[in-house]
Amino acid sequence: MDILTVLNLGDLAQAFSKMGMFPVFDLAYYIVSIVYLKYEPGSVEVSRRSPVASWLCAMLYCFGSYILADIMLGSSPIDYFQHNSHILLASAVWYLIFYCPLNLFYKCVTFLPIKLVLVALKEVVRTRKIAAGVHHAHHAYHHGFFIMVIVGYVKGSGVALMSNFEQLLRGVWRPETNEILSMSFPTKASLYGAILFTMQEAHWLPVSKSILILGFTLFMATSKVVMTARHSHGSPFALIESWICHLLFGSPLGVGEEDHHHPPPAVAPSSPLKTKEELSEGARKRKVKKAE
């Protein structure tokens with residue numbers, strides 16, 4: 001007997017793939033995205049000095065993937081802003097994270113158990129965006145497999161790809177943080193996911209789209225939750241990537257995700273277990289204390 005029939009995974013996957021993202025999942029996506037914005041150096045100062053610039057940065061963090069994908073497909077870059085409920089919800093989250101009295105909302109959503117739940121929900125949205133991007137490109141370019149991969153990749157990681165432009169809105173220029181030069185785990189996973197969904201659209205992958213959505217969502221949510229809980233920037237792909245890069249491009253074995261993403265700093269960080277976001281948050285708090 002078919003194991004999928006026994007476990008009823010087909011019906012579960014079908015129901016999951018049709019589940020609406022608004023408002024619960026989208027709310028989690030906006031919260032985590034804007035929390036990461038607040039981790040960025042200088043973001044709090046910008047919110048005090050220029051709320052408009054801070055709001056624009058928050059909208060790029062929430063909707064940058066839609067903007068970039070629309071530009072690539074020849075649509076208006078502001079097309080997504082017609083969805084008033086999404087814009088208002090993201091704006092409310094931005095206001096609460098940056099301006100809530102006593103920083104209460106920010107403290108609540110960054111409390112680790114709550115943050116882990118929000119991170120998992122965000123990955124549900126990311127997978128849906130990748131699948132939707134590939135599907136959209138498939139209708140526009142039926143045999144443009146590379147276009148499908150690119151659009152799906154952009155939909156899953158467009159915020160990271162636009163990070164340098166977003167930095168300019170905050171008056172910061174850090175070209176070394178270019179996501180193409182140093183791809184983070186979500187960006188790499190978005191690329192691999194876009195390839196899988198493109199193969200499924202081309203009928204090269206013998207699984208239904210609903211099963212693929214469910215499986216990839218479970219992988220992404222589990223990986224991000226574990227990485228967040230462990231304060232790790234490592235990647236599940238690191239070992240395979242190092243072996244393939246060594247085989248095809250001559251890169252030395254043993255060059256892990258951490259070495260590639262973070263060149264040795266002039267001053268050692270206070271704790272190797274802290275994430276980039278936590279280090280940025282610590283630096284911001286020290287600046288505030290000095291100002292006081």
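User: Buried here means under 20% relative accessible area, exposed means over 50%, and partly exposed lies in between, with a 1.4 Å probe and protein chains only. Where does Cys-62 fall, buried or exposed?

Analyst: Cys-62 counts as buried, because its relative accessibility is 0%. Please keep in mind that this is a predicted model, in which local features need pLDDT of at least 70 and side-chain atom pairs count only at pLDDT 80 or more, whereas totals for chains, interfaces and linings use all residues. Residues are numbered from 1 along each chain as its sequence is written, and side-chain values use heavy atoms, with hydrogens and water left out.

User: How many disulfides does the structure hold?

Analyst: Zero, where a disulfide is a pair of cysteine sulfur atoms within 2.5 Å.

User: And why is there no bond for Cys-108?

Analyst: Because the closest cysteine sulfur, in Cys-100, is 7.9 Å from the sulfur of Cys-108, which is too far for a bond. Cys-108 itself is partly exposed, with a relative accessible area of 45%.

User: Switching to rings, how many aromatic pairs are there?

Analyst: The count is 18, taking rings of Phe, Tyr and Trp (its six-membered ring) whose centres lie within 6.5 Å, and calling planes under 30 degrees apart stacked, over 60 edge-to-face and the rest tilted. One of the pairs is Tyr-30 with Phe-63, edge-to-face at 5.4 Å centre to centre and 65° between the planes.

User: What does that pair tie together?

Analyst: Tyr-30 lies in helix α3 (residues 24-39) and Phe-63 in helix α5 (residues 51-72), so their pair ties together parts that are 33 residues apart in sequence. Tyr-30 is buried at a relative accessible area of 2%, and Phe-63 is buried at 0%.

User: Which aromatic cluster includes them?

Analyst: Tyr-30 and Phe-63 belong to one aromatic cluster with Tyr-29, Tyr-66, Tyr-80 and Phe-81.

User: Where does the charged end of Lys-38 sit?

Analyst: It sits over the ring of Tyr-106, 4.3 Å from the centre, where the rule asks for NZ of Lys or CZ of Arg within 6 Å of the ring centre and within 35 degrees of the ring normal. Lys-38 also lies over the face of Phe-98, at 5.7 Å from the ring centre.

User: Last one, how many helices and strands does the protein chain have?

Analyst: The protein chain has 15 helices and zero strands, taken as DSSP runs numbered from the N terminus, with helices (H or I) of at least four residues and strands (E) of at least two. Of its 292 residues, 44% count as buried.
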